[in-house]
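Here is a short, friendly briefing to read alongside the model. Take a moment to look it over, and then follow the points below.

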Amino acid sequence: MTPTSQIYVLTNNSLLLDAGQANQGDVLQIQKKIWALAAHLQHTNEFTDIVPGMNSLTLYLKFAADLDKWQSALAQLWEDIEATSFKGTHHNIKTNYQGEDLNYVAKTNNLTPAQVIELHSQATYHVLFLGFQPGFAYLYGLYSRLYIPRRDIPRTKVPKGAIALGAKQTAIYPAESPGGWQIIGHTDTKLFDSTQPNPCLFKPGDTLTFININAEQGE
């Protein structure tokens with residue numbers, strides 16, 4: 001059955017495609033359609049910005065006069081677009097698995113720290129969308145054995161490059177900030193650089209793998 005969507009007018013030059021009703025448990029399949037549609041629309045050169053979200057796509061048109069045209073066209077494009085037409089970039093993230101909460105995560109999930117590291121570094125993750133702070137990617141693909149609630153009391157300061165778990169997702173903090181996720185590791189990879197033409201390292205639809213540098217160093 002083809003997933004459905006709703007199209008909403010946000011302003012006189014912006015639209016929201018909401019595919020939340022189509023999400024019947026296959027999160028990744030819906031997101032792949034959103035990424036494919038975003039990539040297709042980029043080639044039209046009729047938008048100032050296209051913002052993929054969780055189950056949604058926000059479009060900012062160059063010309064308000066085209067609002068009705070795109071409001072009508074989007075629903076059909078959503079029906080026609082194939083999720084397999086999009087392929088993102090893959091990133092390998094060198095990771096030092098010596099996070100402050102590694103032992104807590106292991107104990108809470110009845111695992112050893114080594115098992116947490118093994119499970120976390122085995123998976124291939126998909127960037128669902130960016131949010132919270134510039135360059136912060138919400139990642140899909142965490143093994144269910146690593147699901148864990150956020151901290152009861154968030155930290156007022158989480159270091160830049162912290163790799164953490166929160167509920168069913170994992171993520172990397174691009175900059176120092178408050179945060180409530182459980183920290184299991186750190187990376188020196190720069191995720192956001194405002195001086196670059198493309199300041200965010202990750203884009204929605206990219207994939208990544210965490211590389212355990214402790215294992216490479218024989219620790």
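Pro199 is partly exposed in this predicted model. Its relative accessible area is 29%, and because partly exposed covers values from 20% to 50%, Pro199 falls between buried and exposed. After a look at the surroundings of Pro199, we turn to the largest pocket.

**Around Pro199**

- To find Pro199, go to the loop that runs between strand E12 (182–186) and strand E13 (207–212).
- Setting aside neighbours within four places in sequence, Pro199 makes contact with Leu191, Phe192, Asp193 and Ser194.
- Pro134 is 65 residues away from Pro199 in sequence, yet their C-alpha atoms are 8.6 Å apart in space.

**The largest pocket: size and place**

- The volume of the largest pocket is about 670 Å³.
- Where does the largest pocket lie with respect to domain 1 (6–80) and domain 2 (90–212)? Both domains give residues to its lining, so the pocket lies between them.

**The largest pocket: its lining**

- A total of 29 residues line the largest pocket, and those nearest its centre are Gln42, Ile50, Pro52, Lys203 and Pro204.
- Helix H1 (27–42) and strand E3 (47–53) are the elements that each give two or more residues to this lining.
- Of the elements, E3 gives the most, with six residues.
- By type, the lining of the largest pocket has 16 nonpolar, eight polar and five charged residues.

Methods. Residues numbered from 1 in each chain as written. Predicted model: local features only at pLDDT ≥ 70, side-chain atom pairs only at ≥ 80, totals over all residues. Heavy atoms only, no water. 1 Å grid on protein atoms, 1.4 Å probe; cavity = no way out; pocket = protein on both sides within 12 Å on 5 of 7 lines; lining within 4 Å. Points joined across faces, edges and corners; volume = space filled by probe spheres on them. Helix = DSSP H or I, 4+ residues; strand = E, 2+ residues; numbered from the N terminus. Nonpolar A, V, L, I, M, F, W, Y, C, P; charged D, E, K, R; others polar. Domains from an automatic or database assignment. Buried < 20%, exposed > 50% of the residue type's maximum accessible area, 1.4 Å probe, protein only. Contact = heavy atoms within 4.5 Å.
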